Amino acid sequence: MRLSEHEAKEIFRAYGIPVPMGVAFRSPGELEPHLGTFGDHLVLKAQVAVGGRGKAGGIVVTETARAIEQAGILFAKEIRGVPVREILAEECLDIEKEFFLSIAVDRSSRMPLLLFAESGGVEIEAVAREHPEAVRRMTVSPLLTDIPPFALRDLLGGMVKDFAPVVNKLYRVFREKDAVLAEINPLVTTKKGIFAADAKIIVDDSALTRQGMRRGRAQTEREQEAETHGFSYVDLDGEIGVIGNGAGLTMATIDLIALYGGRAANFLDVGGGADRERVKHAVKLVASVPSVQVILVNLLGGITRCDEVARGILEADVRQKVMVRLAGTNEEEGRRFLASRSYTMFETMDEAVKAAVEAIR
Ligand code: GDP
Ligand code: MN
């Protein structure tokens, strides 16, 4: 589960990693009483769980006098399709240099992997692609609780004195919070010292109970809505909306889409015994994803009755084209019902997926 930036920064603060003074708020009015604590300028940061916020307009440096107005504008925006529900206002840092520091689980060595680059910030992906040697790497034994500065010399180079303490603090966060990723990008130097200007922590989903954390805080709104209906749902980044029953069938559908050169917009497993209401909610939910151009429904009827499914699809009455493959109990009836309303029906999964991919082209 990915924590929001301000949640991650609260953890950093508790572990002694310097973070800018800031306050999170959900409406411009909530920011008002705090304005006096900032100087002439402040930074507004959309709390959306997407990468590349800065480039997508999610980071706004503004005069404090105009912060309320600017916050209103930011709340009205979507950052890479995600609505802005919360903003973090922070003191403006006078940045001298940006660095990149990250700790992740390295699957091949099965050890924590430290990454460090002298050029951090929003261009780190390009740096890693074009100058991979600029991102220095080092694995750490998970048995080690403290990394002595001399052991960090190759990783940190000339910055070893300044950054060894923050590396150790981040490593403690990583271990004690059961993180699969703990990252500071950028880690910055200023005249007032070093700061974590951004913060990213992904907690291992299997450790949420031990961490006393509940899933749901970092979910997208759609994922939350899906949970209330009892769907297994994940947002992806393609154009084909996917609805299946059973995780296996739904994943196989997504694989087949990829095989034919398409991209799924989501994963939605309606679960067993889906009735008309559930199917209707599922279709509407997927149709509400802005990037969805075509919806592919791939359901196997067992306990699920295909005629019920057909009625649910019809009642959802969405703007997108819906490609339907139904098989199993009452399949003839379901098919006839939808075909009479000019829905596109398919006998096999292969045909349905091909047609959905074609429809995008
Ligand atoms: P990301 O794009 O989601 O990674 O958002 P970041 O929080 O990393 O911010 C992106 C960029 O905005 C940083 O690399 C900085 O260059 C800039 N930025 C963020 N906070 C501040 C700040 O307090 N002062 C200044 N001058 N720039 C900032
Ligand atoms: Mn960042």
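Let's start at a pocket: helix α4 supplies the largest share of the lining of the second largest pocket, five residues. Keep in mind as you look around that this is a predicted model. The pocket has a volume of about 920 Å³, and 43 residues line it. Besides α4 (124-130), the elements that each give two or more residues to this lining are β2 (41-46), β3 (59-63), β6 (87-91), β7 (95-106) and β10 (179-190). If you want to centre your view there, pick Arg53, Val122, Asn185, Pro186 and Asp198, the lining residues that lie nearest the centre of the pocket.

What is the chemical character of this lining? The residues divide into 21 nonpolar, seven polar and 15 charged. The lining also draws on two domains, with at least three residues from each of domain 1 (21-91) and domain 2 (95-207).

Two of the residues nearest the pocket centre, Asn185 and Asp198, also turn up at the metal site. The manganese ion (ligand 2) is coordinated by Asn185 through O and by Asp198 through OD, at 2.2 Å. Asn185 belongs to strand β10, while Asp198 sits in the loop between β11 (193-196) and β12 (200-203), so the pair ties together parts that are 13 residues apart in sequence. Is Asn185 buried or exposed? With a relative accessibility of 14%, Asn185 counts as buried, because the cut-off for buried is under 20%.

Now step back to the whole chain. The secondary structure comes to 12 helices and 18 strands, and the C-alpha trace spans about 75 × 50 × 40 Å along its principal axes. Of the 361 residues, 50% are buried. Among contacts between residues at least 6 apart in sequence, 67% join residues at least 24 apart. Following domain 1 and domain 2, the division of the chain ends with domain 3 (221-360). The C-alpha centres of domain 2 and domain 3 lie 42 Å apart.

For a look inside domain 1, which covers residues 21-91, try Ser27. This serine is found in the loop between β1 (22-25) and α2 (28-31). Ser27 is partly exposed, with a relative accessible area of 27%. Its C-alpha atom is separated by 7.8 Å from that of Phe75, although the two residues are 48 residues apart along the chain.

Domain 3, covering residues 221-360, offers a helix worth a visit. Eight of the 11 residues of α10 (residues 306-316) are buried, so this helix is largely enclosed by the rest of the structure. Which residues of α10 are buried? They are Cys306, Asp307, Glu308, Val309, Ala310, Gly312, Ile313 and Ala316. These buried residues pack against α9 (276-287), β16 (294-301), β17 (321-328) and α11 (331-339). After the helix comes Asp317, whose phi is positive, near 50°.

Strand β16, one of the packing partners of α10, leads us to a final stop, Gly301, which lies in that strand. At 18% relative accessibility, Gly301 counts as buried. Leaving aside residues up to four places away in sequence, Gly301 touches Cys306, Ala327, Gly328 and Thr329. Cys306 is also one of the buried residues of α10. You can also trace a link from Gly301 to Asn245: the two are 56 residues apart in sequence, and their C-alpha atoms are 8.8 Å apart in space.

Methods. Residues are numbered from 1 along each chain as its sequence is written. Chains are lettered from A and ligands numbered from 1 in the order in which they are written. This is a predicted model: local features need pLDDT of at least 70, side-chain atom pairs count only at pLDDT 80 or more; totals for chains, interfaces and linings use all residues. Side-chain values use heavy atoms; hydrogens and water are left out. On a 1 Å grid over the protein atoms alone, a cavity is a set of points where a 1.4 Å probe fits but cannot get out, and a pocket is an open set with protein on both sides within 12 Å along at least five of seven lines; lining residues have an atom within 4 Å of a point. Grid points are joined across faces, edges and corners, and a volume is the space filled by probe spheres set on the points. Helices (H or I, at least four residues) and strands (E, at least two) are DSSP runs, numbered from the N terminus. Ala, Val, Leu, Ile, Met, Phe, Trp, Tyr, Cys and Pro count as nonpolar, Asp, Glu, Lys and Arg as charged, and the others, Gly among them, as polar. Domain bounds come from an automatic or database domain assignment. Donors are N, O and S atoms within 2.8 Å of the metal (3.2 Å for Na, K and Ca); water is not among the atoms, so sites may look incomplete. Buried means under 20% relative accessible area, exposed over 50%, partly exposed in between (1.4 Å probe, protein chains only). Contact means heavy atoms within 4.5 Å.
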